[in-house]
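Okay, thanks everyone. I'll walk you through one model today, and I'd like to begin with a bit of vocabulary before we get to the residues.

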Amino acid sequence: MSLTEAKHVELRVAEFSRPEVESVKALNRGDAAPDQQRRALAAIVNKISRTHDIHYVPGDPQASAFIAGRGFVGAQILKILNLPVGALTNEKGENGD
């Protein structure tokens, strides 16, 4: 595979399975079962954000920056999932109050 072909592969998002799509939709509706919640978050972190991928595309700084930004989103989701709620200092609600 040439570097040109590799650049296009790096920007792709893996195909979604039917259970993944159903899980993300259920999560959005607010009625996802526990297994659907886990499946949806896994699809977001691993397939959409590609958090654990290498964020470098040889010879293409713009693609590298794009992939790094996408990975940052997944990293922030993982940060929230691993953050002890007791460590929060901002006690504002959803509306900022």
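So, when I say buried I mean under 20% relative accessible area, exposed means over 50%, and partly exposed is whatever falls in between. Take V13: its relative accessible area is 36%, so V13 is partly exposed. And please keep in mind that this is a predicted model.

Where does V13 sit? You'll find V13 in the loop between α1, residues 3-11, and α2. V13 also belongs to a nonpolar surface patch, together with F16, V21 and I48, and that patch comes to about 290 Å².

Okay, on to the helix I'd like you to look at, α3. It has 15 residues, and from the first C-alpha to the last it reaches 20 Å. The expected figure at 1.5 Å a residue is 21 Å, so the helix is close to that. Which residues of α3 are buried? They are Q36, A40, A43 and V45. And what do those buried residues pack against? Helices α2 and α4.

Let's look across at α2, then, and pick out S23, which is in that helix. Is S23 buried or exposed? With a relative accessible area of 1%, S23 is buried, because the cut-off for that is under 20%. Leave aside the neighbours within four places in sequence, and S23 is in contact with A32, Q36, R39 and A40. Two of those names, Q36 and A40, you just heard in the list of buried α3 residues. The side chain of S23 also reaches the backbone oxygen of P19, at 2.7 Å.

Now the charged pairs. How many salt bridges does a search of the whole structure find? Five. I'll show you three of them.

One is between the side chains of E20 and K47, at 2.8 Å from N to O. This pair links distant parts of the chain: E20 is in α2, residues 18-29, K47 is in α3, residues 34-48, and they are 27 residues apart. The two partners fall into separate classes: E20 counts as buried at 13% relative accessibility, while K47 is partly exposed at 21%.

Next, R29 and D31, whose side chains meet in a salt bridge at 3.3 Å, N to O. Here R29 counts as exposed, because its relative accessibility is 57% and the line for exposed is over 50%. D31, at 46%, counts as partly exposed.

And then there's R50, which I've saved for the end. R50 forms a salt bridge with D53, and the closest N and O atoms are 2.4 Å apart. Where is R50? In the loop between α3 and α4, the latter being residues 61-82. Buried or exposed? R50 is buried, with a relative accessible area of 12%, and its partner D53 is partly exposed at 30%.

One more thing on R50, for anyone who likes backbone angles. Just after α3, R50 takes a positive phi of about 50°, and that's a positive value in a residue other than glycine.

So, to pull R50 together: a loop residue, buried, with a positive phi, and bridged to D53. That's what I have, so let's go to questions.

Definitions and conventions: Residues are numbered from 1 along each chain as its sequence is written. This is a predicted model: local features need pLDDT of at least 70, side-chain atom pairs count only at pLDDT 80 or more; totals for chains, interfaces and linings use all residues. Side-chain values use heavy atoms; hydrogens and water are left out. A salt bridge is a side-chain nitrogen of Lys or Arg within 4 Å of a carboxyl oxygen of Asp or Glu. Helices (H or I, at least four residues) and strands (E, at least two) are DSSP runs, numbered from the N terminus. Buried means under 20% relative accessible area, exposed over 50%, partly exposed in between (1.4 Å probe, protein chains only). Patches are made of residues with over 30% relative accessible area and no salt bridge: like charges are joined within 9 Å, nonpolar side chains (Val, Leu, Ile, Met, Phe, Trp, Tyr) within 5 Å. Accessible areas come from the Shrake-Rupley method with a 1.4 Å probe; for residues, only the protein chains shown count as cover. Contact means heavy atoms within 4.5 Å. A polar contact is a pair of N or O atoms within 3.5 Å; within protein, one must be able to donate a hydrogen and the other to accept it, and residues adjacent in sequence count only if both atoms are side-chain atoms.
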